[in-house]
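Biologist: I am new to this structure and would love a close look at one part of it, the cysteines. Could you start there and then walk me outward through the rest?

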Amino acid sequence: MSTLDVARTELALAVLYLNKAEARDKICRAIQYGSKFVSNGEPSTAQNVEKSTALARKVFRLFKFVNDLHALISPTAPGTPLPIVLLGKSKNALLSTFLFLDQIVWLHRSGIYKNKERAEIIGRISLFCWMGSSVCTTLAELGELGRLSKSMKKLSKELKGADKYKNEEYRAKIKMSNERTLALIKAAMDVVVAVGLLQLAPKKITPRVTGAFGFTTSLISCYQLLPSAPKSKTP
């Protein structure tokens, strides 16, 4: 394959990736939180970039609450323990509520909805919903990793003296474990981001800390949206 063919293939993959609304949203999210890290909450060009990008991202999320609403009423995988099912459904309900309320915040910032005080209250409620969904995701991923670890140990015993890393099922479980570990890290870091946005611990979680964590989770989300990686949603 010539250099030109390689370049065409890479550009085609880039176009395919950027055609995803979710991918563009996460790239904008990285810009938003990267700017927050640079500005550290102080008036500056970086803060203007953060605010304008945050407003633009809300357009990407219009009617996105329907996705989690659909997941909420969809059946779960057979054999999933009840606590994990409840955590998953709670995450869907909270995230759907966050995305719905966030549309009202967008209406206010766009000048359509005029009640500033009520819009600010709705904005805080929506952020609490997002924080709650991140907590539920963290706990659910911990539970799933525990289940996966037990099944890997069981499979390892069944294989006995054979090289388990040559077993296709075992390798698939390792890959799944890595994906869930990454999702766990991202969800836990997003809890910190939510705490920072809500200013629940302003002395410890400063705008710069919030920006750093948010930028990191944005990069993780961008990676998860690659064709070979699992998909994920964060606000």
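Modeller: The sulfur of Cys-129 lies 11 Å from the closest cysteine sulfur, which belongs to Cys-136, and that is too far for a bond. A disulfide here is a pair of cysteine sulfur atoms within 2.5 Å, and a search of the whole structure finds 0 of them. Seen from the other side, Cys-136 is in no disulfide either, the sulfur of Cys-129 being the nearest at 11 Å. Cys-129 counts as buried at 10% relative accessibility, and Cys-136 is buried too, with a relative accessible area of 11%. Buried means under 20% relative accessible area, exposed over 50%, and partly exposed in between, with a 1.4 Å probe and protein chains only.

A word on what you are looking at: this is a predicted model, in which local features need pLDDT of at least 70 and side-chain atom pairs count only at pLDDT 80 or more, while totals for chains, interfaces and linings use all residues. Residues are numbered from 1 along each chain as its sequence is written, and side-chain values use heavy atoms, with hydrogens and water left out.

Now let us turn to the interior. The largest nonpolar core has 15 residues, and those with the most contacts inside it are Leu-95, Phe-98, Leu-99, Trp-130 and Met-131. Such a core is a set of buried Ala, Val, Leu, Ile, Met, Phe, Trp, Tyr and Cys residues joined through side-chain atoms within 4.5 Å. Two or more residues of this core come from each of α5 (82–109), α6 (116–159) and α7 (168–198), and α7 gives the most, with 5 residues. The helices (H or I, at least four residues) are DSSP runs numbered from the N terminus, as are strands (E, at least two). Leaving aside neighbours within four places in sequence, Leu-99 is in contact with Arg-61, Lys-64, Phe-65 and Asp-68, where contact means heavy atoms within 4.5 Å.

Follow helix α6 along and you will find Leu-155, which counts as buried at 6% relative accessibility. Not counting residues up to four places away in sequence, Leu-155 touches Asn-167, Glu-169, Tyr-170 and Lys-173. The C-alpha atoms of Leu-155 and Tyr-170 are separated by 7.2 Å, with their positions 15 residues apart along the chain.

Charged pairs come next. Side chains of opposite charge can pair when their charged atoms come close. The structure holds 10 salt bridges, each being a side-chain nitrogen of Lys or Arg within 4 Å of a carboxyl oxygen of Asp or Glu. Helix α6 takes part through Glu-141, which links distant parts of the chain by pairing with Arg-180 in helix α7, 39 residues apart. Their side chains meet at 2.9 Å, N to O. Glu-141 is buried, with a relative accessible area of 12%, whereas Arg-180 is partly exposed at 24%.

Helix α7 also reaches helix α2: Asp-190 forms a salt bridge with Arg-29, the closest N and O atoms being 3.2 Å apart. This pair links distant parts of the chain, 161 residues apart, and both Asp-190 and Arg-29 are buried.

Within helix α2 itself, Glu-22 and Lys-26 sit 4 residues apart, about one turn of the helix. They form a salt bridge whose closest N and O atoms are 3.6 Å apart, and both residues are buried. Glu-22 and Lys-26 also belong to a network of salt bridges with Asp-25, Arg-57 and Lys-64.

Staying with helix α2 (residues 21–39), look at Ile-27, which counts as partly exposed at 32% relative accessibility. Ile-27 joins Leu-18, Ile-31 and Val-49 in a nonpolar patch on the surface, with about 280 Å² of accessible area together. Patches are made of residues with over 30% relative accessible area and no salt bridge, like charges being joined within 9 Å and nonpolar side chains (Val, Leu, Ile, Met, Phe, Trp, Tyr) within 5 Å. The areas come from the Shrake-Rupley method with a 1.4 Å probe; for residues, only the protein chains shown count as cover.

Ile-31 is also one of the residues touched by Thr-53, along with Cys-28 and Gln-32, not counting residues up to four places away in sequence. Thr-53 has its place in helix α3 (residues 45–60) and is buried, with a relative accessible area of 10%.

Finally, visit two loops. Asn-40, in the loop between α2 and α3, has a positive phi of about 55° although it is not a glycine. Phe-63, in the loop between α3 and α4 (65–73), has a positive phi of about 65° and is not a glycine either. Asn-40 is partly exposed at 27%, while Phe-63 is exposed, with a relative accessible area of 59%.
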